[in-house]
Amino acid sequence: MDYVSALVPPVVMAAFFIGLVVTIVKSQGGPNKAKEDAAVDAAAVRAEAGPQTPRTEGA
C-alpha cells in the first residue's frame, strides 16, 4: 500500500494542472479578447518607453 500513498500526490497535482490548462485555453478569446489585447499593448508601450522619472511629494 506504500505505492498508493506515493502515487496519490502526483496524480492529484496532474489532475489540477490539466484542469488549469483547460481553463486557461477555454478563457482565451471571447468577448474580453479586445480588452485583454489592449491591456497587453498598453503594458508593452509603457515598458518600451523606458523608466519614468520619479515624482516628488509636495513639489
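## Salt bridge

The count of salt bridges in this predicted model comes to 1, and the partners are Lys33 and Asp37, whose side chains meet at 3.5 Å, taken from N to O. A nitrogen of Lys or Arg has to lie within 4 Å of a carboxyl oxygen of Asp or Glu for a pair to qualify, so the 3.5 Å separation of Lys33 and Asp37 meets the rule. Side chains of opposite charge can pair when their charged atoms come close.

Both Lys33 and Asp37 belong to helix H2, where they are 4 residues apart, about one turn of the helix. Lys33 is partly exposed, because its relative accessible area of 41% falls between the limits of 20% for buried and 50% for exposed. Asp37, with a relative accessible area of 35%, is likewise partly exposed.

## Helices

The protein chain holds 2 helices and 0 strands. Helix H1 covers residues 2-27, and its 26 residues, at 1.5 Å a residue, should span 38 Å, which agrees with the 39 Å between its end C-alpha atoms. Within H1 there is a bend of about 30° at Val8, and a proline, Pro9, follows within four residues. Just after H1 comes Gly29, which takes a positive phi of about 80°.

Helix H2 runs over residues 33-49. For its 17 residues the expected span is 24 Å, and the end C-alpha atoms of H2 are indeed 24 Å apart, so the two values agree. After H2 follows Gly50, which also has a positive phi, in this case near 95°.

## Surface and exposure

Of the 59 residues in the protein chain, 0% count as buried, and the chain exposes about 5600 Å², of which carbon and sulfur atoms supply 68%.

A nonpolar patch on the surface is formed by Met1, Tyr3, Val4, Leu7, Val8, Val11, Val12 and Phe16, which together have about 860 Å² of accessible area. One of these residues, Val8, is found in helix H1, where it also marks the position of the bend of about 30°. Val8 is partly exposed, with a relative accessible area of 43%, and this value therefore clears the requirement of over 30% for residues that make up a patch.

How values were computed: Residues numbered from 1 in each chain as written. Predicted model: local features only at pLDDT ≥ 70, side-chain atom pairs only at ≥ 80, totals over all residues. Heavy atoms only, no water. Expected span 1.5 Å × (residues − 1). Bend = angle between axes of the 7 residues up to and from the residue. Buried < 20%, exposed > 50% of the residue type's maximum accessible area, 1.4 Å probe, protein only. Areas by Shrake-Rupley, 256 points an atom, 1.4 Å probe, with all protein chains shown as cover. Patch = residues over 30% accessible without salt bridge, like charges linked within 9 Å, V, L, I, M, F, W, Y side chains within 5 Å.
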